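Reader: Before I take any labels on trust, I'd like to hear what stands behind them. Could you walk me through the terms as they come up?

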Amino acid sequence: MITPANPLAAPATAAAPEKLSPERLELREAAQGFEAIMVRKMLEVARESVWAEDAPLTGNGMKQYKTMRDEHFADIAAQSGTLGFARSIEEQLAQFVVPKDG
């Protein structure tokens, strides 16, 4: 039986999940959100430059579908860390995070 690949699943060789402080967890989520915005914008610009509007099956419904598909793809890419933008942003900004309890 073939199991579908899950892009959000951790690789088999990955270490146990690290325990993060609440501040670091917030930073990670913000960095992933920023990466998702960047990916969405890149897809939007790429889509504008490639596909003609006069092609069959175009219209507002198709535009909405493509937007939703791009948003979902961007969220998956950011959460999986495939591109590495979020990890780099998190590593750069982590030095400025001050724990609230200490």
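Author: Sure, starting with surface: accessible areas come from the Shrake-Rupley method with a 1.4 Å probe, and for residues only the protein chains shown count as cover. On that basis the chain has an accessible surface of about 8300 Å², 60% of which belongs to carbon and sulfur atoms. This is a predicted model, so local features need pLDDT of at least 70 and side-chain atom pairs count only at pLDDT 80 or more, while totals for chains, interfaces and linings use all residues. Residues are numbered from 1 along each chain as its sequence is written, and side-chain values use heavy atoms, with hydrogens and water left out.

Reader: What pLDDT does the chain average?

Author: It's 80, with 75% of the residues scoring at least 70; pLDDT is the predictor's confidence in each residue, from 0 to 100. Residues 9-14 fall below 50, and that stretch has zero contacts (heavy atoms within 4.5 Å) beyond near neighbours in sequence. Where pLDDT is low, predicted coordinates shouldn't be read in detail.

Reader: What makes up the secondary structure of the chain?

Author: Three helices and zero strands, in the order α-α-α along the sequence. Helices (H or I, at least four residues) and strands (E, at least two) are DSSP runs, numbered from the N terminus. Helix α1 covers residues 22-50, helix α2 residues 60-80 and helix α3 residues 85-93.

Reader: Why is Asp 70 in helix α2 called buried or exposed?

Author: Buried means under 20% relative accessible area, exposed over 50%, and partly exposed in between (1.4 Å probe, protein chains only). Asp 70 has 9%, so it counts as buried. Across the chain, buried residues make up 15% of the 102 residues.

Reader: What makes Arg 47 and Asp 70 a salt bridge?

Author: The rule wants a side-chain nitrogen of Lys or Arg within 4 Å of a carboxyl oxygen of Asp or Glu. The closest N and O atoms of Arg 47 and Asp 70 are 2.6 Å apart, so the pair qualifies. This pair links distant parts of the chain, with Arg 47 in helix α1, Asp 70 in helix α2, and their positions 23 residues apart. Arg 47 is buried too, because its 17% is under the cut-off. Asp 70 also touches Arg 40 and Leu 43.

Reader: How many salt bridges does that rule give?

Author: Five. One of them joins the side chains of Arg 24 and Glu 90 at 2.8 Å, N to O. That pair runs from helix α1 to helix α3, 66 residues apart. Glu 90 is buried at 5%, whereas Arg 24 is partly exposed at 27%. Arg 28 joins Arg 24 and Glu 90 in a network of salt bridges. Lys 41 and Glu 44 also pair, at 3.4 Å; both lie in helix α1, three residues apart, about one turn of the helix.

Reader: Why is Met 42 partly exposed, and what makes the nonpolar patch with Met 42 a patch?

Author: Met 42 has 45% relative accessibility, which puts it between the two cut-offs, so it's partly exposed. Patches take residues with over 30% relative accessible area and no salt bridge, joining like charges within 9 Å and nonpolar side chains (Val, Leu, Ile, Met, Phe, Trp, Tyr) within 5 Å. Met 42, Leu 83 and Phe 85 make a nonpolar one of about 270 Å².

How values were computed. Lists of a residue's contacts leave out its neighbours within four places in sequence.
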